[in-house]
Structures are given as C-alpha cells and as structure tokens.
Amino acid sequence: EAAIHKAREALALKPQHMFAIMTLADSYSALGNHAVALELLTSLPVALQQDPRFSTRIARCLAAQGNDAEAREIYAKLIENPDLYHGMLQAVQVAVSLGEGEPAIDLMERGVANNAWTQFFIRGRLRDNDTLSNHPRYLALLKRIRLDDESVAELHRKMQFD
C-alpha cells in the first residue's frame, strides 16, 4: 500500500513515469487486485502497452484472472523476440504464472547468457514459486550465478548482515 501511495505521488509529478507505472501495477497485483492493475496498464498508449516491460505485466494480470489464452498470445510474441532484454524477468514470470517451468528456465538461461542485469532479481522474484523452488535446473542456475542459499549465506557472513 505504501508503494501504491509513492507511485501515485511520482505520477502526479510526471504522469508517464515508466517506473512509477510499473510499480503501481506491480503493487496492485501484489495485493491481488489484478483487475485494477490491468485497467491501469490497458489505459496506457498502445505503444507503451507493447513495450515488453508493460506487455508482460498485462499478460501476468490476464493469467492471474484465468485468461490464459490472451496471456499466452502475449507471451508467444515476447519470446519470439531474439533480442528480448527489457522484460526478460517479466517474461519469466509470465511463463511461471502459466505453469511453464522449463520455458521459464530457458528464458532465465537466455538472460544470464546475455548478461541481463535482471538476472540478479531472479531469486527474489521467484523465491516462493512452487513451479521452480525445487527444480534441478533452476537450482543449478542459481548456483552458477551465485544466488543459491549457500552463496547468499556466505555473502551475508562476509558483509556481516547477520
């Protein structure tokens, strides 16, 4: 709720602030209010709706509402793009929301291979996901990029976060 408040403050200053719009949509979705998030996202200009950072959020809202067919259409267009960089992590989340564990891991691998900065958010965004939490490929990927439990605990010890 605090994120919604801050995103609205930012949008009052700059109505097309992309990160504020994404934060607002994500915050509504996190609270389970996918209909409001979808309304916000589909009110954007068409060009923005087609940007992977927004289209993936639209697909996730659709999937959360049980509209898998439309979500899959958006997802299919996303993964056709060989240069998918912006929206990579979001595309992974769409795949996971559609129960597509293997394709989600394929996308994560693609992001790591392309040095996508969003790879560092994989663990946090997908931490409690039943589709991936014990998947061997997912766990191996986390270990490779040093986001597995052991690597993170070691970092915490080194940085004295505990």
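How many Å² does the accessible surface of the protein come to, and what percentage of that belongs to carbon and sulfur atoms? The total is about 9,300 Å², with 55% of it on carbon and sulfur atoms. The structure is a predicted model, and every value given here is computed from that model.

The overall fold comes next. The protein contains 11 helices and 0 strands. Along the sequence the pattern therefore reads α-α-α-α-α-α-α-α-α-α-α, where helices are DSSP runs of at least four residues. Measured out along the principal axes, the C-alpha atoms occupy a box of roughly 45 × 35 × 25 Å. For 162 residues, a compact globule would be expected to have a radius of gyration near 15 Å, and the 16 Å of the protein agrees with that. Of the 162 residues, 43% are buried. Contacts between residues at least 6 apart in sequence can be split by separation: 54% of them join residues at least 24 apart.

One pair of helices shows how such elements pack. Helix 7 covers residues 88–97 and helix 8 covers residues 101–113. Their axes lie 8 Å apart and make an angle of about 170°. Angles over 145 degrees count as roughly antiparallel, and the two helices are therefore roughly antiparallel to each other. From helix 7, the residues in the contact are M88, A91, V92, A95 and V96; from helix 8, they are A104, L107, M108, R110 and G111. By class, the residues of this contact comprise 8 nonpolar, 1 polar and 1 charged.

The region around helix 2 and helix 3 can be followed residue by residue. M18 belongs to helix 2, which runs over residues 18–30. With a relative accessibility of 25%, M18 counts as partly exposed, because that class begins where buried, under 20%, ends. Leaving out residues up to four places away in sequence, M18 touches D51, R53 and F54. For M18 and F54, the sequence separation is 36 residues and the C-alpha to C-alpha distance is 9.0 Å.

Between helix 2 and helix 3 there is a loop, and G32 is located in it. G32 has 48% relative accessibility and so counts as partly exposed. G32 and L44 are 12 residues apart along the chain, and their C-alpha atoms are separated by 21 Å.

Helix 3 spans residues 34–42 and includes H34. Which residues does H34 contact, once neighbours within four places in sequence are left aside? They are Y28, S29, C61, A64 and Q65. Y28 and S29 fall within the range of helix 2, residues 18–30. H34 and L78 are 44 residues apart in sequence, with 21 Å between their C-alpha atoms.

Further along the chain, R146 sits in the loop between helix 10 (136–144) and helix 11 (149–159). What is the sign of phi at R146, positive or negative? The value is positive, near 60°, in a residue other than glycine. Most residues other than glycine have a negative phi. At 47% relative accessibility, R146 is classed as partly exposed, because a residue counts as exposed over 50%.

Note on methods: Residues are numbered from 1 along each chain as its sequence is written. This is a predicted model: local features need pLDDT of at least 70, side-chain atom pairs count only at pLDDT 80 or more; totals for chains, interfaces and linings use all residues. Side-chain values use heavy atoms; hydrogens and water are left out. Axes are lines fitted to C-alpha atoms, for helices over the stretch in contact, and angles run from 0 to 180 degrees between N-to-C directions. Angles under 35 degrees count as roughly parallel, over 145 as roughly antiparallel, 65 to 115 as roughly perpendicular and the rest as oblique. Contact means heavy atoms within 4.5 Å. Ala, Val, Leu, Ile, Met, Phe, Trp, Tyr, Cys and Pro count as nonpolar, Asp, Glu, Lys and Arg as charged, and the others, Gly among them, as polar. The radius of gyration is taken over C-alpha atoms; the globule rule is 2.2 Å times the number of residues to the power 0.38. Buried means under 20% relative accessible area, exposed over 50%, partly exposed in between (1.4 Å probe, protein chains only). Accessible areas come from the Shrake-Rupley method with a 1.4 Å probe; for residues, only the protein chains shown count as cover.
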